[in-house]
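Please read the following note with the sequence and the structure side by side. It concerns charged side chains and their pairing.

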Amino acid sequence: MPRLGLAITVAVLIAVGCSPAKSGSATGPRSTAPRERSSTTSATGGRPLARYRDYRTVNYSEDSHWLCRPGRRDICASDLDTTRIDADGTMTVHRFRDVANPPVDCFYVYPTISKDPGPRSDWHASDGEEGLAALNQVARLRGRCRIFAPVYRQTTLAGLTQALAGLPDSSSAGPSTTTPDDGSEPYDDVLDAWRSYMATDNDGRGVVLIGHSQGSAILSRLLREEIDPHPDVRAQLVSAYLAGWGVAVPDGRTVGAAFQHIAACTRVEEAGCVLSWSSFRADSPPPPNALFGIPRDGTAGVAVCVNPAAPDGDGVTGPDSTPHSVFPAVRSQSILMGAATGSGRADTPPTTEAPTVDNAWIDPAVGVVTTPFVEVPGLVTARCTRHDGFDYLAVSAHGTPGPRADDIVGDLGPQWGLHLLDVNLVMGDIVDLVGHQSTVWLDG
């Protein structure tokens, strides 16, 4: 099947106004400082950290303000069975197995995905928007951790469109019913959710943070302001996955710049560290005005690139890998929402046209996928690399003659790369690595 590139300008990030210019690099030796680990050796019991014990939530005592929580039949409890499709067309169904009492927790913040009409979303999450992101990006981790995913009043696709078009932050279509009147911002909601979780649910358990784009930007700030400065909170961190965001480190080091204590992961047998990556096709590297592969918060340095499929490296470059990708069986959902098409330029607002996508991962004459997800072993390889000052995950598709699709879909255009696929490309690897990191954390 031919390559099916999509020029989709649905940005899934919060800081659309950041300059794409390369920041200056700080130099220095690679950090060899050990990561902070928790002295907690049990995954049950314990008490909240003293700093959170008396916290009273502003918004998160309301059950509907959580997209996913343990013990509920919510979107994160959905069917996660996969069909493995080999290059020769052989199909094998793998049933997802739930695990009772996973040893650690996951705290997930989803990317920009709300189609609410105003610049900020309301509290009503949709299974086809926020829920679809969670289903693709965190639900599969329920075999490794209890999942906590707050609904938050994010910058919406409409808000993004306004920003790209240079419009004022208020809706041009009339009064907005979704903009909070308390002067809060998306980060405030997530901070409230985090503190609520730590006060009422954590009980000394290790925590994995996972986000994408706008979600990663918010979690990066949470790490910088709420976790990194405090040894007691930092000790609860199993790991952080900040996909589709530019976390800064001084060139030649794994810690510093964005975080002063939390370093980039450099091996599997490591906990308390951060992984971050942004995906581009190997044959279409970031152009000079690319939005990813550089620090996104104005901090001097270079962008962390740690590949969950092969975390061994220096935090910027790494070995070749064949990632364990997990994609939706409906290929158009590989772009999370298929909300808009456009020119692929960062300064072009999305349109309302639906993208045209061949939804077959395999020739229908050969077989039909009946599970909600597919695995396509050997189709993709990836490695963290550096090119013209950008550090990113270089992705190659290896199509072969036969009935299986010979490429992935989800290209956003040169500046965006494979942004929408950042997590799907390595979802199975994230699951495996969280398992390893949890063991390391529990062992102290």
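The points below treat the salt bridges of this structure one after another.

1. The model is predicted. A search over the whole structure gives 20 salt bridges. As a general matter, side chains of opposite charge can pair when their charged atoms come close.

2. Which parts does the pair of Arg 51 and Asp 232 tie together? The two side chains form a salt bridge, with an N to O distance of 2.9 Å. Arg 51 belongs to the segment before β1 (66-68), whereas Asp 232 sits in helix α5 (residues 231-234), so the pair links parts that are 181 residues apart in sequence. Arg 51 is partly exposed, at 42% relative accessibility, and Asp 232 is also partly exposed, at 28%.

3. Arg 84 and Asp 86 form a salt bridge, and their closest N and O atoms are 2.8 Å apart. Is Asp 86 buried or exposed? With a relative accessible area of 19%, Asp 86 is buried, because buried means under 20%. Its partner Arg 84, at 33% relative accessibility, counts as partly exposed.

4. A salt bridge also joins the side chains of Arg 386 and Asp 391, at 2.7 Å from N to O. Here Asp 391 is buried, with 1% relative accessibility, while Arg 386 is partly exposed, with a relative accessible area of 38%.

5. Salt bridges can also share partners, as the next case shows. Asp 63, Arg 72 and Asp 74 are joined in this way into one network.

Key. Residues are numbered from 1 along each chain as its sequence is written. This is a predicted model: local features need pLDDT of at least 70, side-chain atom pairs count only at pLDDT 80 or more; totals for chains, interfaces and linings use all residues. Side-chain values use heavy atoms; hydrogens and water are left out. A salt bridge is a side-chain nitrogen of Lys or Arg within 4 Å of a carboxyl oxygen of Asp or Glu. Helices (H or I, at least four residues) and strands (E, at least two) are DSSP runs, numbered from the N terminus. Buried means under 20% relative accessible area, exposed over 50%, partly exposed in between (1.4 Å probe, protein chains only).
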